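Here's a quick briefing to read alongside the model. Have the structure open and follow along.

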Amino acid sequence: AMPAKGKKKASSDSSESGSEDEVADTAAKLKGSLTLDSKFPVKVSYCGAIVNGEVCGVPPEYCAWMGVKGAVPPECKAWTSSNLPELAAKLGWEPSAAAA
């Protein structure tokens, strides 16, 4: 006899990977342990340092792309240290004497 339409398969029959029950179990185990380090909406800051006569203008995490051979320009480190000290600390940029 054919099973009735819409009837759910017996759980012993769900051997394929990622069955609904398996996904639900995994989601239940992970619930509360996963957190995003970002809060939405995300606030993006842009570097205001003047490098070679132009405003850098990228998020400080990307200042290295504006420098020579991937080095973060000292102007960017100084600007970020004085304007965004928490981000500078997170990036490991020491407040520099160059900002004087």
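Let's start with Val44, which is partly exposed because its relative accessible area is 44%, and partly exposed covers the range between the under 20% that counts as buried and the over 50% that counts as exposed. Keep in mind that this is a predicted model. From Val44 we can go out to its surface neighbours, then to the overall layout, the core and one odd backbone angle.

**Around Val44**
- Val44 sits in the loop between helix 1 (20–30) and strand 1.
- On the surface, Val44 teams up with Phe40, Val42 and Tyr46 in a nonpolar patch.
- Together, those patch residues have about 440 Å² of accessible area.

**Overall layout**
- The protein has three helices and two strands.
- Reading from the N terminus, the order of elements is α-β-β-α-α.
- The protein has 100 residues, and 20% of them count as buried.
- About 8,300 Å² of the protein is exposed, with 58% of that supplied by carbon and sulfur atoms.
- Take the contacts between residues at least 6 apart in sequence: 29% of them join residues at least 24 apart.

**The nonpolar core**
- The largest nonpolar core is made of ten residues.
- Its cysteines are Cys47, Cys56, Cys63 and Cys76.
- Val51, Val58 and Val72 are in there as well, along with Ala49, Ala88 and Trp93.
- Looking past residues up to four places away in sequence, Val51 touches two fellow core members, Cys56 and Cys76.
- Val51 also touches Pro73 and Glu75.

**Thr80, tucked into helix 2**
- Thr80 belongs to helix 2, which spans residues 74–83.
- Is Thr80 buried or exposed? Thr80 counts as buried, because its relative accessibility is 0%.
- Setting aside neighbours within four places in sequence, Thr80 is in contact with Cys47, Ala88 and Trp93 from the core list.
- Two prolines, Pro60 and Pro85, are also among the contacts of Thr80.

**Asn52, the odd angle**
- Asn52 is in the loop that links strand 1 (50–51) and strand 2 (54–55).
- Most residues other than glycine have a negative phi.
- Asn52 isn't a glycine, yet it has a positive phi of about 55 degrees.
- Asn52 is exposed, because its relative accessible area is 74% and the cut-off for exposed is over 50%.

Methods: Residues are numbered from 1 along each chain as its sequence is written. This is a predicted model: local features need pLDDT of at least 70, side-chain atom pairs count only at pLDDT 80 or more; totals for chains, interfaces and linings use all residues. Side-chain values use heavy atoms; hydrogens and water are left out. A nonpolar core is a set of buried Ala, Val, Leu, Ile, Met, Phe, Trp, Tyr and Cys residues joined through side-chain atoms within 4.5 Å. Buried means under 20% relative accessible area, exposed over 50%, partly exposed in between (1.4 Å probe, protein chains only). Contact means heavy atoms within 4.5 Å. Helices (H or I, at least four residues) and strands (E, at least two) are DSSP runs, numbered from the N terminus. Patches are made of residues with over 30% relative accessible area and no salt bridge: like charges are joined within 9 Å, nonpolar side chains (Val, Leu, Ile, Met, Phe, Trp, Tyr) within 5 Å. Accessible areas come from the Shrake-Rupley method with a 1.4 Å probe; for residues, only the protein chains shown count as cover. A salt bridge is a side-chain nitrogen of Lys or Arg within 4 Å of a carboxyl oxygen of Asp or Glu.
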